[in-house]
Amino acid sequence: MKAGIIGATGYSGIELVRLLHFHPNVDLVKIISNSKNGEEISEVFPHLSNIFQLELSTLDIDELAKGVDLIFLAVPSGISKKILPVFMEKEIKCVDLSGDFRLKNPEDYEKWYGGRTADKHYLTQATYGLSEIFKEDIRNAHYIANPGCYPTAALLGLIPALKNGIIDKDSIIIDGKSGASGAGRKAATATLFAEINENVKAYKLGKHQHIPEIEQILGKVSSEIINITFTTHLLPITRGIMCTMYTKLQGTTSEEKVIDLYKAFYEETEFIRIRDAGRIPAIKEVSGSNYCDIGFAIDERTGTLVIVSCIDNILKGAAGQAIQNMNLMMGWDESLGLTAAPSYP
Ligand SMILES: NC(=O)C1=CN([C@@H]2O[C@H](COP(=O)(O)OP(=O)(O)OC[C@H]3O[C@@H](n4cnc5c(N)ncnc54)[C@H](OP(=O)(O)O)[C@@H]3O)[C@@H](O)[C@H]2O)C=CC1
Ligand SMILES: CC(=O)N[C@@H](CCC(=O)OP(=O)(O)O)C(=O)O
């Protein structure tokens with residue numbers, strides 16, 4: 001199958017290039033960049049020297065549509081909503097990594113992202129691609145709204161407890177922490193070395209664009225209105241996300257019972273690893289892989305279940321999950337091209 005990437009020079013885009021080059025069923029034939037038009041990808045990114053050669057070109061939608069079966073859009077939110085509808089009209093399969101097609105309520109998009117949402121006709125055609133939770137919908141989809149990085153970690157950690165009624169839906173607090181690559185490759189003061197090194201900052205308090213996305217999906221799986229408290233922090237590391245989640249338990253239970261429940265919930269999945277009692281995951285234990293590792297602790301004094309969920313933001317939080325969704329859409333094994341173990345340390 002022939003694939004193309006729009007936004008191949010960004011952090012998610014270049015990770016898609018690396019993963020798709022080694023994917024057994026994909027021929028990566030088009031890589032699009034406005035800023036590096038005409039340059040060889042391995043000249044712009046020397047880590048690909050002697051591995052992958054292809055010239056970057058500017059976006060010509062008609063020409064691109066003629067040459068590929070599937071497109072990945074790895075461009076900023078606000079850009080995809082202008083491009084994806086054109087591919088929808090041409091019935092070319094797409095996986096969009098941006099936030100433009102995730103929120104189904106136009107008012108939410110306007111409030112949290114700013115600007116007008118995509119037309120409803122196109123918005124409703126995009127399937128939310130949280131691979132493990134909406135597998136059957138994704139298998140039948142043509143267009144995927146790939147989840148945000150924080151929502152992937154948070155939702156995979158919360159959904160089994162919420163769906164099984166073991167936590168109070170009104171008591172969800174998510175403490176999210178991300179490496180700097182989550183902010184993308186564009187130059188910005190907030191992600192300068194001198195700003196993040198030996199520092200940790202909280203940001204976008206009560207204003208993060210992933211709040212409505214997490215609430216939308218928790219609401220969908222529980223059929224209830226869910227409001228969360230969500231705070232994000234920037235860590236002095238390159239890759240990785242940790243979401244530590246605090247929720248009140250409904251009644252009493254044990255860590256072993258919670259672990260058994262999660263292991264049963266994710267029994268059929270490839271990339272979720274549920275930790276045994278007392279073994280809390282760390283970012284380094286998933287970095288460079290498509291895994292999401294989840295661990296638990298119960299604070300019996302306060303009746304609180306603490307859930308810790310870790311992913312690599314560029315893999316399971318972006319390019320890795322995008323490929324997992326492509327595999328599902330194409331009817332292939334969902335782990336094709338994604339079997340690398342985490343790189344440690
Ligand atoms: N980084 C992460 O951890 C995650 C990112 N995402 C989402 O994935 C998408 C890509 O993110 P990321 O890789 O971090 O972003 P980057 O900022 O690293 O890269 C953005 C890419 O988009 C291209 N681009 C920028 N502006 C335009 C434009 N106006 N028209 C067309 N192309 C444009 C740039 O290429 P050029 O200027 O060369 O054309 C570049 O290749 C975003 O929507 C982001 O929200 C989702 C989950 C996690
Ligand atoms: C560290 C950092 O800045 N991370 C970004 C994650 C961006 C992202 O994935 O956002 P989309 O929803 O637009 O895809 C943030 O917190 O906004």
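Q: In this predicted model, which helices each supply at least two residues of the shell around ligand 1, and which of them gives the largest share?
A: The shell around ligand 1 draws at least two residues from each of two helices, α1 (11–21) and α12 (315–329). The largest share amounts to three residues, and the helix that supplies them is α1.

Q: How many residues surround ligand 1, and which are the closest?
A: Around ligand 1 there are 30 residues. By class the shell holds 10 nonpolar, 17 polar and three charged residues. The closest of the surrounding residues are G7, G10, S98, G184 and R185.

Q: Where does ligand 1 lie with respect to domain 1 and domain 2?
A: The chain is divided into domain 1, which is made of 2–147 + 316–329, and domain 2, which is made of 150–313. Both domains give residues to the shell around ligand 1, so the place of this ligand is between domain 1 and domain 2.

Q: Which residues are around ligand 2, and where does ligand 2 lie with respect to domain 1 and domain 2?
A: The residues around ligand 2 are S77, S98, G99, G148, C149, S178, G182, A183, Q209, H210, T232 and L234. By class, this shell divides into three nonpolar, nine polar and no charged residues. Because domain 1 and domain 2 both give residues to the shell, ligand 2 lies between them.

Q: Which residue does the UniProt annotation "active site" cover, and in which helix is its place?
A: The annotation comes from an unreviewed UniProt entry, and the residue that it covers is C149. C149 is also among the residues around ligand 2. Its place in the chain is in the helix spanning residues 149–163, namely α8.

Q: Does C149 count as buried or exposed, and which residues does it touch, not counting those up to four places away in sequence?
A: C149 has 28 C-beta neighbours inside 10 Å, and therefore it counts as buried. Leaving aside residues up to four places away in sequence, the residues that C149 touches are S178, G182, I241, N313, G317 and A318.

Q: How many residues does each domain bring to the contact between domain 1 and domain 2, and which helix supplies the largest share of the domain 1 side?
A: The C-alpha centres of domain 1 and domain 2 lie 25 Å apart, and their contact takes 20 residues from domain 1 and 26 residues from domain 2. On the side of domain 1 that touches domain 2, α5 (106–112) and α12 each supply at least two residues. By class, this side has nine nonpolar, six polar and five charged residues. Its largest share, six residues, comes from α12.

Q: Which residues does UniProt list for "domain: Semialdehyde dehydrogenase NAD-binding", and how far apart are the end C-alpha atoms of that span?
A: The unreviewed UniProt entry lists residues 2–141 under this name. In the model, the span is 34% helix and 17% strand, and its end C-alpha atoms are separated by 18 Å.

Q: How many helices and strands does the chain have, and what is its radius of gyration?
A: The chain has 12 helices and 14 strands. Its radius of gyration is close to the 20 Å that the globule rule gives for 345 residues, so the chain is as compact as a globular protein of that length, with a value of 20 Å.

Q: What percentage of the residues of the chain count as buried?
A: Among contacts with a separation of 6 or more, 69% are between residues 24 or more positions apart. Of the 345 residues of the chain, the part that counts as buried is 46%.

Note on methods: Residues numbered from 1 in each chain as written. Chains lettered and ligands numbered in written order. Predicted model: local features only at pLDDT ≥ 70, side-chain atom pairs only at ≥ 80, totals over all residues. Near = placed C-beta within 6 Å. Helix = DSSP H or I, 4+ residues; strand = E, 2+ residues; numbered from the N terminus. Nonpolar A, V, L, I, M, F, W, Y, C, P; charged D, E, K, R; others polar. Domains from an automatic or database assignment. Rg over C-alpha atoms; globule rule 2.2 N^0.38 Å. Buried ≥ 20, exposed ≤ 12 C-beta atoms within 10 Å, placed from the backbone. Contact = placed C-beta atoms within 7 Å. UniProt positions renumbered as here; feature names shortened; annotations may be inferred.
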